[in-house]
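Me: Please take a close look at a single part of this structure, the way its strands are paired, and follow that part outwards into the loops and helices. I would like one connected account, with the cut-offs given for each term.

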Amino acid sequence: MTRKVLHGVAVSAGIAIGRAFFLNRGSRADFVDGFVPLYRMDAEIFRLDAAFAATHEEIENAQKRVAPDQKEQLGILAAHLMICKDPKFITAARANIREKNLPAEQAVTEASNEIAKLFDSLEDTYFRERVNDLKAIAAKIIRHLGGGGLTSLPDEPVILLAHDLTPADTLALPLDRVLAFATEEGGRTGHTGILARSLQLPAVVGISGMEEGIADGDTIILDALRGLVLIKPDQALTTRYQNIKTRYASFQKLIIDQAEIPAETLDGMHIAVRGNIEMPREAERVLKNGGEGVGLYRTEFGFITRTSIPSESELYAEYSELLTRMAPHKVTFRTLDVGADKMHWSQKNLQEANPALGLRAIRFCLRNQYVFRRQLRAILRASVHGNAALMFPLISGVRELRQAKAILNEVKQELDASNVPFDRDIPVGIMIELPSSIMIADALALEVDFFSIGTNDLIQYTLGIDRVNKHVAYLYQPLHPAIIRGIKLVADAAHQTGISISVCGEMASDPYCLAILLGMGINDFSMAPQAIPGIKHILRNIDMEECRGLLNQVIGAATVEGVNRIARQTLSQRFAEELPFFLSVLDTEE
């Protein structure tokens with residue numbers, strides 16, 4: 001019998017075997033276009049307001065069901081509540097009824113689509129995938145417009161399938177009857193994955209054809225290690241996956257138990273492993289998983305969720321809280337890395353054909369110095385509360401780096417003049433994300449204290465692809481020869497100049513990529529907190545000589561296929577048992 005397999009993106013590792021159940025099957029926002037006559041307009045707006053209120057109440061009720069110590073879940077729900085209460089969203093939906101005579105369902109859809117455009121061109125995948133959260137809230141509002149609620153789950157535990165899941169939907173369910181999640185929407189950094197990881201449930205997202213291909217009650221295997229859903233498996237395959245599930249559980253217990261053991265290679269090289277986070281409360285996850293600090297703090301979260309620019313005191317409080325929580329470990333603050341089109345309080349009429357390559361990151365900050373100076377003052381003032389470093393994103397040349405440094409020095413002088421204490425020796429670095437910065441890495445190294453290679457953006461810009469675009473996502477190849485050679489140029493420049501170098505992004509948490517990066521002499525890595533224990537395990541069981549040998553083999557390869565093959569063959573000899581339990585971004589196709 002031919003077995004049907006659906007493919008998606010694994011976002012919370014694990015294996016689940018059980019019966020499928022599709023939540024609210026057929027509940028997508030498929031409504032007939034309509035026209036609201038003038039005499040019905042007030043009633044239609046009343047329907048709209050009632051649906052927003054019901055959605056608001058539903059999210060608040062979900063918050064009440066979450067334990068106070070589950071800060072990650074509460075943070076997700078708070079973000080969704082913010083979307084539901086957003087005056088811009090509500091006003092736009094009402095205007096679509098009054099000015100376009102649209103029924104409430106269409107009014108909500110069009111309003112959410114317009115706001116989604118503000119996020120779609122963001123280069124940072126985390127923020128781009130907030131579009132899915134907006135659409136999920138819109139779908140929830142539309143469901144309330146139709147008077148619908150969530151479907152009840154069966155009494156037996158099931159693998160929950162859905163077109164999409166909001167945190168409020170998820171937390172409203174009896175989670176003791178949920179084995180795993182699978183959704184048709186979503187990406188690597190979406191809230192389905194974040195929530196599934198916090199609940200320690202396997203999850204695969206971005207799966208096409210589930211609603212048509214899987215019936216309620218079908219036995220399925222959800223492989224959230226490889227991003228697969230296997231429909232109606234035979235007994236032999238089921239037994240095989242039951243064994244994999246048992247081995248995975250044992251491996252997870254091992255790496256969590258050993259998370260506090262330092263990451264020291266077999267030949268005695270200490271490797272720093274840090275976390276990438278967006279909010280101070282995530283510091284606890286980094287420390288719990290054995291992280292030695294924060295290698296990337298994305299400061300834009302405190303800006304992009306607001307309708308006005310944060311005050312210096314608000315930023316200072318946020319940064320001080322994080323440094324205090326992480327002390328004595330280092331926290332590296334990345335200055336604002338979004339574009340003018342994402343700031344509700346900035347240049348509202350700015351129109352850019354391609355914002356991802358436009359006025360964003362350091363370019364935005366140099367143009368809007370009042371924002372840049374405010375953030376720099378807050379970081380410097382907070383630096384006395386811990387071990388702080390700061391770095392500038394999207395640096396393309398020496399000139400703009402020197403401009404940023406000049407402003408930083410002016411801010412330091414202002415604080416000095418006011419007798420405000422700060423760390424005078426705070427390290428200053430840059431993100432290496434552009435091909436231009438690779439080519440002049442030797443010149444840039446003379447200007448800073450450290451490099452941090454942002455591999456996610458570097459791969460996209462170097463290979464000219466948008467990894468969120470499913471039509472070209474297959475071209476996202478971390479071990480493309482151009483990427484390997486480019487990173488080695490940067491590493492060599494850093495070593496020759498005597499500055500430190502680190503890597504953040506998915507390459508840092510992929511064992512195949514990690515070994516090659518180690519071979520370049522890079523000994524500082526930053527990643528999602530949940531990836532830290534597994535990577536520390538790999539580091540404690542590898543030696544630098546082996547990694548240098550691997551680098552020598554792949555550096556001359558001409559194809560992605562050749563590099564991937566060499567990396568897989570080499571690493572599988574040492575880590576045959578562990579590698580299947582890691583979410584790798586490698587692809588065997590060229």
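Reply: In the protein chain, 71% of the contacts with a separation of 6 or more are between residues 24 or more positions apart, where a contact means heavy atoms within 4.5 Å. The model is a predicted one, in which local features need pLDDT of at least 70 and side-chain atom pairs count only at pLDDT 80 or more, while totals for chains, interfaces and linings use all residues. Residues are numbered from 1 along each chain as its sequence is written, and side-chain values rest on heavy atoms, with hydrogens and water left out.

The chain has 24 helices and 16 strands, the helices (H or I, at least four residues) and strands (E, at least two) being DSSP runs numbered from the N terminus. Of its 590 residues, 56% count as buried, a class defined as under 20% relative accessible area, with exposed set at over 50% and partly exposed in between (1.4 Å probe, protein chains only).

The part to examine closely is the closed barrel, whose 8 strands run β9-β10-β11-β12-β13-β14-β15-β16 with parallel pairing. Two strands are taken to pair if DSSP finds at least two bridges between them. From one strand of the barrel to the next the twist averages 25 degrees, with axes fitted to C-alpha atoms (for helices over the stretch in contact) and angles between N-to-C directions running from 0 to 180 degrees.

Strand β9 is a good place to see how the ring is joined. On one side, 3 bridges connect β9 (residues 272–277) in parallel to β10 (residues 293–298); Ile 277 has Tyr 297 as its bridge partner in β10, and Asn 276 stands opposite Leu 296 in β10. Strand β9 is also joined in parallel, by 4 bridges, to β16 (residues 524–527), where Ser 526 is the bridge partner of Arg 274. The strand is mostly covered, since 6 of its 6 residues are buried.

Two backbone features lie in loops that lead into or out of barrel strands. The loop between α13 (312–326) and β11 (330–334) holds Pro 328, which is joined to Ala 327 by a cis peptide bond with omega of about 5 degrees. The loop between β12 (387–392) and α16 (398–417) contains Leu 394, a residue that is not a glycine but has a positive phi of about 55 degrees. Leu 394 is also buried, because its relative accessibility is 1%.

Leu 394 leads on to Ile 362, which lies in helix α14 (residues 362–367). Apart from neighbours within four places in sequence, Ile 362 is in contact with Phe 372, Phe 392, Pro 393, Leu 394, Ile 395, Glu 400 and Ala 404. The C-alpha atoms of Ile 362 and Pro 393 are separated by 5.9 Å, although these residues are 31 apart along the chain. Ile 362 counts as buried because its relative accessibility is 0%.

The other set of paired strands gives a useful contrast. It is an open sheet of 8 strands in the order β1-β8-β7-β3-β4-β5-β6-β2, with mixed pairing. Its edge strands, each pairing on one side only, are β1 (4–7) and β2 (9–12), and the twist averages 30 degrees from one strand to the next. Within this sheet, β5 (residues 178–183) runs parallel to β6 (residues 203–205) and is joined to it by 2 bridges; Val 204 in β6 is the bridge partner of Ala 182. Helix α10 (residues 235–257) packs on the sheet and touches β3 (15–22), β7 (219–223) and β8 (228–231), its direction making about 120 degrees with that of β3.

Another positive phi, near 60 degrees, belongs to Asn 101, again a residue other than glycine. Asn 101 sits in the loop between α3 (87–100) and α4 (104–120) and is buried, because its relative accessible area is 17%. At Ala 104, the C-alpha atom is 10.0 Å from that of Ala 43, a residue 61 places away along the chain. Ala 43 belongs to helix α1 (residues 41–64) and is partly exposed, because its relative accessible area is 46%.
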